Amino acid sequence: MKRILALAVCVLIAGVVFAGGEQEQAGSEVIKIGVFEPMTGANAAGGAMEVEGIKLANKLYPEVLGKKVEIVIVDNKSDKVEAANAAARLVDKEKVTAIIGSWGSSFSMAAGSIVKEAKVPTVGASCTNPLVTLGNEYYFRVCFIDPFQGAVMANYAYKEVGARKVAIVQEISNDYSVGLAKFFTDEFKRLTGDDKAIVAVSNYNTGDMDFTAQITNLKSLKPDAIFAPGNYTESALLIKQARELGMDVPFLGGDTWEAPEFLDVGKAAVEGAVFSTFFTTEVPITETSKLFIDEYRKEYGKEPAAVTALGFDAYLVILDAIERAGTTDTVAVRDAIAATKGYPGAAGIISLNETGDAVKNAVIKTVKDQQFSFVTTIVPE
Amino acid sequence: MSVQLFFQHLANGLSLGSLYALIAIGYTMVYGILRLINFAHGEIFMIGVYIAFYLVTLFVLPWFAAFVVALGITCILGMGVERIAYRPLRDHPRISVMISAIGASFFIQNLAIVVFGGRPKTFPVPPVFGKIITIGGVNIVSITFIIPIITFIALAILLFIVNKTKTGMAMRAVSTDHETARLMAIDVDIIISITFAIGSGLAAIGGIMWGLKYPQLLPIMGLIPGLKCFIAAVVGGIGNIKGAVLGGFLLGLMEIMIIAFLPSLSGYRDAFAFILLIVILLVRPSGILGSVQGEKV
């Protein structure tokens, strides 16, 4: 009896392992585009927002070269190791033509070498750390990069807030956060001409919930503003606890703050927080923007986030490249993506430069009446 | 560091320590009775707070009713985990039960991801818990004071049950020796179920207060606190309830105070708990309040 049971369990496990979608592409009737995003874990909302944009784009443009386009979504679980696994699965098992991903520069960077070796072009929607595309001719992005974003916020802090002393609170395990903090620091020091303009740098880890120790220490240093380029999850709690502890200084952040959870958790505490991002529905940039905003409102009944527009754009850029290349050969598609110039995306005109980055405007938003509200657009020099 | 600053840190440390203490008690009680590290305990803590969340938002129960009902459901869940994952392995080697516990932990976590969704949920904090009290120039949220108070009440009730009631006596007997306890006409199965119920109930209380203090819920939120509370239980002397409380407070205070005095090390916050574990295992493996078990020849 025991042996029969053991045998049955083995058969069951084997069945589960091999049943997992061994769907061969029927001839090549379907073009597969892989998507690896954090669908679970600390960054789940970010991934979900990008996927919304990608799915919407797939719904509006389901075909290219006469074939149906299928989106294959793999969860990278907000974890660098899983990101590498997800990318490996997309290139090895699913054999995709191109990949979109990921929210969170760390995860994109983790997948970088895998997609480069497999020669599968990958387009990031909102990952802004320069190292994602640097030295990797198979990685592109439809958004600006952090040296620009850091400078935008440093300028805002210096000119609009009038800050001369800023404290930084960064997520030490997150490449995006550390990178953006560094670019902010460089520009801020240049603007103030003061090498000690950054009074303190506090660290926290992904998933931390208690920032009272860091905040209490910063309070005594009396900065004019705090730059906290972390994810919405931790940042909302950070600002909330800071307000509870009686810190009234303005909080500045980056594009990762723009998620509904930021407003949910922060509530009244995040009122007046200012951050840079990619897109706003209040200033539609191209015809595609208008189309995107209308379709999104119809489909989801709410306002789209900036990264959703970027996910939408990433899909469109890939489709456009496949069309121009006339084939699904990954190297040819890669060359076509690299040649993208003046493509009207929902979040602006996309022209990819020699490192594969898009040169785009930055949008500054704030939280007003517990909603995200547009402040101004910053054009790169 | 000013007195005010120190007091603020102390208040936070005590608060965090109380939360750790509540959950550590669950670990220590189950170990005492079954010699099993219940790795699924962190997940019970997570489920407790999620149930409270859904009771308040979906079923629109007033918060005090929601918390009590969530407590009850979590107790039943804890007993259920025992019934399904641990009881069938009662006569098997201890390693099998431990593996089962790890499996239960992963199962509940991933079930939560599928059922509740991966995106963070915001715990609805009733205004009475969110009020900011200013004492001598220091701002402290009301929940920071409420947590230690509730913890001490729960602890008092627990110690009363364990030391002054027949059920408590039965629990202590079963911890000492299952066979002999059976000979004394104690139904060991029921006592074990009660132990799990109490441990899970305390985890639910801890979870709800955690949700009130840090209002962001994630399905994986039980993982790191679960590990830290296990460390707290070991540090205090696993199997010893007072030890678990001591360990919890020690860990919570240490975490906050080290960051307070050495802010440059704030990125290593979680590492301190594990460093403490290694130190305790090297220096005094039975824990601070644990009794050194000599080899009985």
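Guide: Two strands pair if DSSP finds at least two bridges between them; strands (E, at least two residues) and helices (H or I, at least four) are themselves DSSP runs, numbered from the N terminus. The model is predicted: local features need pLDDT of at least 70, side-chain atom pairs count only at pLDDT 80 or more, and totals for chains, interfaces and linings use all residues. Residues are numbered from 1 along each chain as its sequence is written, whereas chains are lettered from A and ligands numbered from 1 in the order in which they are written.

Visitor: What makes β1 and β4 of chain A a pair?

Guide: Strand β1 (residues 30-37) and strand β4 (residues 98-101) of chain A share four bridges and run in the parallel sense. The definition asks for at least two bridges, so the two strands qualify. Among the partners, Gly34(A) bridges to Ile99(A) in β4(A), and Phe36(A) bridges to Gly101(A).

Visitor: How do you know that β4(A) also pairs with β5(A)?

Guide: Two bridges join these parallel strands, and the criterion is therefore met. In one of these bridges, Ile99(A) has Thr122(A) of β5(A) as its partner.

Visitor: Why are β2 and β6 of chain A called edge strands?

Guide: The open sheet of chain A has six strands in the order β2-β3-β1-β4-β5-β6, with mixed pairing. Strands β2 (63-64) and β6 (139-141) of chain A each pair on one side only, and this makes them the edges.

Visitor: Which helices lie against this sheet, and how are they directed?

Guide: Helix α3 (residues 80-94) of chain A touches β1, β3 (67-75) and β4 of chain A, and its direction makes about 170 degrees with that of β1(A). Helix α4 (residues 105-118) of chain A lies across β1, β4, β5 (122-124) and β6 of chain A, at about 170 degrees to β4(A). Such angles run from 0 to 180 degrees between N-to-C directions, and the axes are lines fitted to C-alpha atoms, for helices over the stretch in contact.

Visitor: What makes both faces of β4(A) covered?

Guide: Ala98(A) and Ile100(A) on one side, and Ile99(A) and Gly101(A) on the other, are all buried. A residue is buried if 20 or more other C-beta atoms, placed from the backbone, lie within 10 Å of its own, exposed if 12 or fewer do, and partly exposed in between.

Visitor: How do you know whether Glu171(A), in strand β7 (residues 166-171) of chain A, is buried or exposed?

Guide: Glu171(A) has 28 other C-beta atoms within 10 Å, and therefore counts as buried. Apart from neighbours within four places in sequence, Glu171(A) is in contact with residues including Tyr204(A), Asn231(A) and Glu234(A); contact requires C-beta atoms, placed from the backbone, within 7 Å.

Visitor: Why is Val279(B) called exposed?

Guide: Val279(B) has 11 C-beta neighbours inside 10 Å, so it falls in the exposed class. Its place is in helix α12 (residues 269-283) of chain B.

Visitor: What is notable about the backbone at Lys95(A) and at Gly101(A)-Ser102(A)?

Guide: Most residues other than glycine have a negative phi, and most peptide bonds are trans. Lys95(A), in the loop between α3 and β4 of chain A, has a positive phi of about 50 degrees. With 15 other C-beta atoms within 10 Å, Lys95(A) is partly exposed. The bond joining Gly101(A) and Ser102(A) is cis, with omega about -10 degrees, and Ser102(A) lies in the loop between β4 and α4 of chain A.

Visitor: How do you know where the largest nonpolar core lies?

Guide: A nonpolar core is a set of buried Ala, Val, Leu, Ile, Met, Phe, Trp, Tyr and Cys residues joined through C-beta atoms within 7 Å. The largest has 216 residues, of which Ala157(A), Val166(A), Phe227(A) and Ile318(A) touch the most other members. Its largest share, 16 residues, comes from helix α1 (residues 3-34) of chain B. Domain 1 (29-144 + 285-361) and domain 2 (147-277) of chain A both contribute, so the core lies between them; the domain bounds come from an automatic or database assignment.

Visitor: What makes up the side of chain A that touches chain B?

Guide: In chain A, 30 residues are in contact with 27 residues of chain B. The largest share of that side of chain A, six residues, comes from α7(A).

Methods. Two residues are in contact if their C-beta atoms, placed from the backbone, lie within 7 Å.
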